[in-house]
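Work through the exercises below with the sequence and the structure open. Each task is followed by a solution in steps.

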Amino acid sequence: MTIIGISGSPVPNSNTDRALRIALDATGEETEFIKLSDYSYQACRACLGCEETNVCVLKDDATALTQKIRYADALIVAGYPPYGYLDGRTKSFLERLWCLRHKHGFLRGKPGGIIITSAHPPENGVLSPSMEHAISSVKHFMNVEGMDVVGAVGVVGNVPCLLCGPGEHCALSGVKKFFGPDVVRASIKIQKLEDQKDVIAALGTMGREIGERVRNSKKK
Ligand SMILES: Cc1cc2nc3c(=O)[nH]c(=O)nc-3n(C[C@H](O)[C@H](O)[C@H](O)COP(=O)(O)O)c2cc1C
């Protein structure tokens with residue numbers, strides 16, 4: 001049994017990556033962690049070239065990755081919401097999984113988990129609700145493909161302006177946009193997954209449940 005996790009975060013060993021590894025480990029099964037930024041691929045071209053074979057005709061890295069997911073027992077999707085929606089790398093990859101759909105629905109019934117790392121403070125009502133948008137985008141994909149959506153876990157991440165040279169002094173600083181006009185960078189805590197005990201617990205619960213459902217489906 002293999003459970004695959006894909007991370008759309010391009011940052012090395014990011015909060016998103018570490019969260020995904022925790023969920024994968026909790027499944028108790030053989031797992032594979034795929035960092036999408038290590039691969040090069042384009043979005044689906046809607047050419048229907050995959051209609052008969054369930055294999056994408058595009059010659060890039062996603063074609064082989066989609067076939068790995070065809071034979072996996074479960075899938076965990078981990079991403080983040082730049083500009084308030086699911087990151088483009090993850091979204092493009094999910095679109096490429098369309099090739100597994102025709103006639104067979106190769107994703108149907110597979111347990112699916114969702115992890116989104118968002119820097120958007122929930123109390124900020126001005127910007128669009130990033131976490132909810134990103135989770136609902138992955139959920140939509142999983143529902144359309146007939147997957148068994150096991151759960152979604154939100155991780156608190158960091159607005160990149162906390163690390164960028166100008167910080168709160170830039171006219172468009174995310175520190176001000178996310179936290180308010182009077183907030184300075186020094187007053188914002190850098191968010192680390194390891195400090196978010198309830199999130200870690202939720203990742204474990206989701207991972208264990210995915211492992212359990214995979215094992216139960218094999219018994220049937
Ligand atoms: C270009 C860009 C735009 C972003 N816009 C948003 C946003 O609209 N909402 C949000 O919650 N986070 C936004 N973020 C912050 C990411 O959610 C944050 O970097 C997240 O913590 C990334 O996860 P990581 O810690 O795993 O790298 C943005 C990040 C980048 C790079």
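**Exercise 1.** In which helix is the place of threonine 63? Classify its burial as well.

Solution. The model is a predicted one, in which local features need pLDDT of at least 70 and side-chain atom pairs count only at pLDDT 80 or more, while totals for chains, interfaces and linings use all residues. Residue numbers start from 1 along each chain as its sequence is written.
- Step 1: threonine 63 is in helix α2. Helices (H or I, at least four residues) and strands (E, at least two) are DSSP runs, numbered from the N terminus.
- Step 2: a residue is buried if 20 or more other C-beta atoms lie within 10 Å of its own, exposed if 12 or fewer, and partly exposed in between, with C-beta atoms placed from the backbone. Threonine 63 has 16 other C-beta atoms within 10 Å and is therefore partly exposed.
- Step 3: neighbours within four places in sequence are left aside, and threonine 63 is then in contact with Val55, Cys56 and Leu58. Contact requires C-beta atoms, placed from the backbone, within 7 Å.
- Step 4: from threonine 63 to cysteine 99, 36 residues apart in sequence, the C-alpha to C-alpha distance is 9.2 Å.

**Exercise 2.** Place leucine 86 in the chain and state whether it is buried or exposed.

Solution.
- Step 1: the loop between β3 (74–79) and α3 (88–96) holds leucine 86.
- Step 2: leucine 86 is buried, because 26 other C-beta atoms lie within 10 Å.
- Step 3: beyond four places in sequence, the contacts of leucine 86 are Gly79, Pro81, Lys91, Ala134, Ser137 and Val138.
- Step 4: glutamate 132 is 46 residues from leucine 86 along the chain, with 9.6 Å between their C-alpha atoms.

**Exercise 3.** Describe how α1 packs with α6.

Solution.
- Step 1: the axes of α1 and helix α6 (residues 197–219) are 7 Å apart, at an angle of about 40 degrees. Axes are lines fitted to C-alpha atoms, for helices over the stretch in contact, and angles run from 0 to 180 degrees between N-to-C directions.
- Step 2: angles under 35 degrees count as roughly parallel, over 145 as roughly antiparallel, 65 to 115 as roughly perpendicular and the rest as oblique. α1 and α6 are therefore oblique to each other.
- Step 3: the crossing of α1 and α6 is right-handed, the near helix being turned clockwise from the far one by less than a right angle (anticlockwise would be left-handed).
- Step 4: α1 contributes Ala19, Ile22, Ala23, Leu24, Asp25 and Ala26 to the contact, and α6 contributes Ile200, Leu203, Gly204, Met206, Gly207 and Arg208.
- Step 5: these residues comprise eight nonpolar, two polar and two charged. Ala, Val, Leu, Ile, Met, Phe, Trp, Tyr, Cys and Pro count as nonpolar, Asp, Glu, Lys and Arg as charged, and the others, Gly among them, as polar.

**Exercise 4.** How many residues surround the ligand, and how do they divide by class?

Solution.
- Step 1: the ligand is surrounded by 19 residues, of which Ser14, Thr16, His120, Ser130 and Gly157 are the closest. A residue is near a molecule if its C-beta atom, placed from the backbone, lies within 6 Å of it.
- Step 2: α1 (15–26) and β4 (111–118) are the elements that give two or more residues to this shell.
- Step 3: the shell has eight nonpolar, 11 polar and no charged residues.

**Exercise 5.** What is the phi of asparagine 13, and what is that of leucine 48?

Solution.
- Step 1: most residues other than glycine have a negative phi.
- Step 2: asparagine 13 has a positive phi, near 45 degrees. Its loop runs between β1 (2–7) and α1, and asparagine 13 counts as exposed because it has 10 C-beta neighbours inside 10 Å.
- Step 3: leucine 48 has a positive phi of about 65 degrees. Leucine 48 lies in the loop between β2 (30–35) and α2 (61–71) and is exposed, with 11 other C-beta atoms within 10 Å.

Conventions: Contact = placed C-beta atoms within 7 Å.
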